[in-house]
Amino acid sequence: MKIIVPMAGMGKRMRPHTLTVPKPLIPIAGKPIVQRLVEDIARVCGEPVEEVAFIIGRFGAIVEKSLVAIAESVGAKGTIYYQDEPLGTAHAILCARPSLSGPLVVAFADTLFKADFTLDSSVPGTIWVQKVADPRPFGVVKLNEQGQITEFVEKPQEFVSDLAIIGIYYFQDGEYLRDELQYLLDNDIKDKGEYQLTNALENMKNKGTVFVPGQVTEWLDCGNKDATVFTNQRYLEYLKERGEKLVADSAKVTNSVLIEPVYLGENVVITNSVVGPHVSLSAGAVVEDSRLSNSIVQSAATVRHANVTNSMLGNSASLTGRPSDLSVGDFNALQV
């Protein structure tokens, strides 16, 4: 089994945090979004993952090394490919052409999920979906009475289905997918100005490929600051249910109260504060004389004399004062 992870977008909706790192490396409960995604897919695959292929922009050697390490953490080889032009989802996947063979999962790196099933690799294709209140911003699927997918519709402005495609797909035959993606580019077949994966899926279905929906328990989006903070909240609850250890042994908590669930990374220092619920503090973060809830504080960030909620603080950011509902980028200092 292979995992193909397109993550070449610039993450404009997550600025200022994506000015220094790509969005999929922003931490959720102490681990990068893309690492959580790869681990969760490996967990439901039911068979070993031999390769994780990342399609990225030119993010630099440090990011590439981090991604290869994520692949190795699930026992797989890490491969890096580049998408230098934002030409759509089909084009992004095709940038990993040498890795498009055999059974594979394609997973876009701005989403997480909770699922309690093992992937059925005997079916030709599985498209993971979730019911949504407003399907207009999403690709959706229609089903027949047998539960098979009969139609793919990209961002319908009139209601056709409320089953949104969450951005995770299983293909039994990676070469077949590769050829269908190449067909779109060779014939300049675009939807809304881009080469869309849904067009390739529609062509495959019309040729007889049977796709079935994979239903997740919960779909967690990381598209902007508020969505990412909420995903951190839900993911902490999920990890607590699984009984995972969330507080590092090296974390130092003095004269303070922790309201679970919270994640404390290595060498976190908390003094005279109330932290939680739903707070993630990455390695080396410092909190003094403060109240934090429902927030993500990244590595080596400092919070002093502040009341913070529904917020994100970047790596090495410094916050002093009494603000709330913030999004402070890496290396920034804010005093109120």
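This talk walks through one predicted model, from its nonpolar cores out to its surface and its salt bridges.

Let's start inside. In soluble globular proteins, nonpolar side chains tend to be buried together. Here the largest nonpolar core has 51 residues. Which of them touch the most other members? They are Val 34, Ile 41, Val 52, Phe 54, Leu 67, Phe 113 and Ile 168. Helix α1, residues 33-45, gives the most to this core, with seven residues.

Pick one of those residues and look around it. Phe 54 is a good choice. Leave out residues up to four places away in sequence. Then Phe 54 touches Val 5, Met 7, Val 34, Val 38 and Leu 67. The list goes on with Ile 70, Ala 71, Thr 79, Ile 80 and Tyr 81. There is also a second, separate core, of 30 residues. Among its members are Ala 53, Ile 127, Met 204 and Phe 211.

Now move to Val 68. Val 68 sits in helix α2, residues 61-73. Buried or partly exposed? Val 68 is partly exposed, because its relative accessibility is 22% and the buried class ends under 20%. Along the chain, Val 68 and Phe 54 are 14 residues apart. Their C-alpha atoms are separated by 8.7 Å. Beyond four places in sequence, Val 68 touches Gly 78 and Ile 80. Ile 80 also appeared on the list for Phe 54.

Next, the strands. Take β6, residues 104-107. Leu 104 and Val 106 point one way. Val 105 and Ala 107 point the other way. Buried or exposed? All four are buried.

What does β6 pair with? Strand β1, residues 2-6, runs parallel to β6, and three bridges join them. In that pairing, Ile 4 has Val 106 as its bridge partner. Strand β11, residues 163-171, runs antiparallel to β6, with four bridges between them. There, Ala 107 stands opposite Ile 168. We met Ile 168 in the largest core.

Strand β1 brings us to charge. Side chains of opposite charge can pair when their charged atoms come close. How many salt bridges does a search of the whole structure find? The count is 17. One of them joins Lys 2 and Glu 51, with the closest N and O atoms 3.8 Å apart. Lys 2 is in β1 and Glu 51 is in β4, residues 51-56, so the pair ties together parts that are 49 residues apart in sequence. Both Lys 2 and Glu 51 are buried.

Two other salt bridges have partners that are partly exposed. Asp 134 pairs with Arg 136, and the closest N and O atoms are 3.0 Å apart. Asp 134 is at 33% relative accessibility, and Arg 136 is at 43%. Arg 242 meets Glu 244 at 2.3 Å, N to O. Arg 242 has a relative accessible area of 28%. Glu 244 is at 31%.

Now the surface. Val 247, Val 253 and Leu 258 make a nonpolar patch of about 190 Å². Val 253 belongs to strand β14, residues 252-254. At 37% relative accessibility, Val 253 counts as partly exposed.

On to the backbone. Most residues other than glycine have a negative phi, and most peptide bonds are trans. This model has exceptions to show you. A cis peptide bond joins Glu 260 and Pro 261, with omega about 0°. Pro 261 lies in the loop between β15 and β16. Another cis bond joins Gly 276 and Pro 277, again with omega about 0°. Pro 277 lies in the loop between β18 and β19.

What about phi? Asn 267 has a positive phi, near 60°. Asn 267 is in the loop between β16 and β17. His 278 also has a positive phi, about 65°. His 278 sits in the loop between β18 and β19. Their surroundings contrast. Asn 267 is exposed, at 51%, whereas His 278 is buried, at 12%.

Last stop: Ser 280. This residue is in strand β19, residues 279-281. Ser 280 is buried, with a relative accessible area of 2%. Which residues surround Ser 280, leaving aside neighbours within four places in sequence? Its contacts are Ala 29, Gly 30, Asn 232, Leu 236, Tyr 263, Ser 295, Ile 296 and Val 297. Find Ser 280 in the structure, and trace those contacts yourselves.

Definitions and conventions:
Residues numbered from 1 in each chain as written. Predicted model: local features only at pLDDT ≥ 70, side-chain atom pairs only at ≥ 80, totals over all residues. Heavy atoms only, no water. Core = buried A, V, L, I, M, F, W, Y, C linked by side-chain atoms within 4.5 Å. Buried < 20%, exposed > 50% of the residue type's maximum accessible area, 1.4 Å probe, protein only. Helix = DSSP H or I, 4+ residues; strand = E, 2+ residues; numbered from the N terminus. Contact = heavy atoms within 4.5 Å. Pairing = 2+ DSSP bridges. Patch = residues over 30% accessible without salt bridge, like charges linked within 9 Å, V, L, I, M, F, W, Y side chains within 5 Å. Areas by Shrake-Rupley, 256 points an atom, 1.4 Å probe, with all protein chains shown as cover. Salt bridge = Lys/Arg side-chain N within 4 Å of Asp/Glu carboxyl O.
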